[in-house]
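Student: I have a structure open on my screen and would like a close look at one of its strands. Could you take me through that strand and whatever surrounds it?

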Amino acid sequence: SGFITKGGPSGWVTSFKVMFSKNKLIWNKVLFFDGQPEQFRGNYDENSEVLNTFRSPILTQYFKIVPSKWEENINMRIEPVGCFETYCK
């Protein structure tokens, strides 16, 4: 259903996009209602947690985080937030 992110000791990602796949062959972008890739809010320092959630849960096995903007260096700690399909109802 989303991600919790943190920066790192030598920089942090301030904005990113998310892609997902069930088989690592076909990758889909998380999109806005207008069909454009959604830009997620990143971090503003190295230790604060930022929670980003999807409008609706995504049923997938793999995620790619694609940094768009960053401060100093690309450092990002990520914790997926979600649940197994049987428990999400």
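Tutor: Happy to! Let's set the scene first, then settle on strand β2. Keep in mind throughout that this is a predicted model. Read from one end of the sequence to the other, the protein follows the pattern β-β-β-β-β-β-β. The radius of gyration is 13 Å, close to the 12 Å that the globule rule gives for 89 residues, so the protein is as compact as a globular protein of that length. In total there are seven strands and zero helices. Along its principal axes, the C-alpha trace spans about 40 × 30 × 25 Å.

A few whole-protein numbers will help as background. Buried residues account for 27% of the 89 residues. The accessible surface is about 6,200 Å², and carbon and sulfur atoms contribute 53% of that. As for charge, the protein carries 11 positive and 9 negative side chains, with the centres of the two sets 9 Å apart. Of the contacts between residues at least 6 apart in sequence, 74% join residues at least 24 apart.

Now to β2 itself, which covers residues 11-21. Is this strand enclosed or not? Nine of its eleven residues are buried, so β2 is largely enclosed by the rest of the structure.

Which strands pair with it? Start with β6, residues 62-72, which pairs with β2 in the antiparallel sense over ten bridges. To find this pairing on your screen, look for K17, which stands opposite V66 in β6. Next comes β4, made up of residues 40-41, which is also antiparallel to β2 and is joined to it by two bridges. Here the pair to look for is F16 and, opposite it, F40 in β4. The remaining partner to visit is β3, residues 28-29, which runs antiparallel to β2 with two bridges between them. In that pairing, F20 stands opposite N28 of β3.

The connection from β2 to β3 deserves a pause. The two strands form a hairpin with six residues between them. K24 sits in the loop between β2 and β3, and its phi is positive, at about 65 degrees, although K24 is not a glycine.

If you would like one residue to centre your view on, try F16, which belongs to strand β2. With a relative accessible area of 1%, F16 is buried; the cut-off for that label is under 20%. What does F16 touch, once residues up to four places away in sequence are set aside? Its contacts include F40, the residue it faces in β4, together with E38, Q39, R41 and G42. Another group of its contacts includes I65, V66, P67 and S68, and of these V66 is the residue that stands opposite K17 in the β6 pairing. T5, N52 and M76 are also among the residues that F16 touches. For a distance to check, the C-alpha atoms of F16 and N43 are 10.0 Å apart, with their positions 27 residues apart along the chain.

Let's move on to β6 and what follows it. E72 lies in strand β6, and its phi is near 60 degrees, a positive value in a residue other than glycine. E72 counts as exposed, at 59% relative accessibility. N73 lies in the loop between β6 and β7, the latter being residues 77-81. At 39% relative accessibility, N73 counts as partly exposed. Leaving aside neighbours within four places in sequence, N73 is in contact with S10, G11 and W12, and G11 and W12 fall within the residue range of β2. N73 and P9 are 64 residues apart in sequence, yet their C-alpha atoms are 9.3 Å apart in space.

One last stop is N47, in the loop between β4 and β5, where β5 is residues 50-53. N47 counts as partly exposed, at 46% relative accessibility. Setting aside neighbours within four places in sequence, N47 is in contact with K6 and R77. Its C-alpha is 7.1 Å from that of G8, a residue 39 places away along the chain.

To bring it back to your question: β2 is largely enclosed, and it pairs in the antiparallel sense with β6, with β4 and with β3. F16 makes a handy place to start looking, as a buried residue of this strand.

Note on methods. Residues are numbered from 1 along each chain as its sequence is written. This is a predicted model: local features need pLDDT of at least 70, side-chain atom pairs count only at pLDDT 80 or more; totals for chains, interfaces and linings use all residues. Side-chain values use heavy atoms; hydrogens and water are left out. Helices (H or I, at least four residues) and strands (E, at least two) are DSSP runs, numbered from the N terminus. The radius of gyration is taken over C-alpha atoms; the globule rule is 2.2 Å times the number of residues to the power 0.38. Buried means under 20% relative accessible area, exposed over 50%, partly exposed in between (1.4 Å probe, protein chains only). Contact means heavy atoms within 4.5 Å. Accessible areas come from the Shrake-Rupley method with a 1.4 Å probe; for residues, only the protein chains shown count as cover. Lys and Arg count as positive and Asp and Glu as negative; His and the chain ends are not counted. The place of a charge is taken as NZ of Lys, CZ of Arg, CG of Asp or CD of Glu. Two strands pair if DSSP finds at least two bridges between them.
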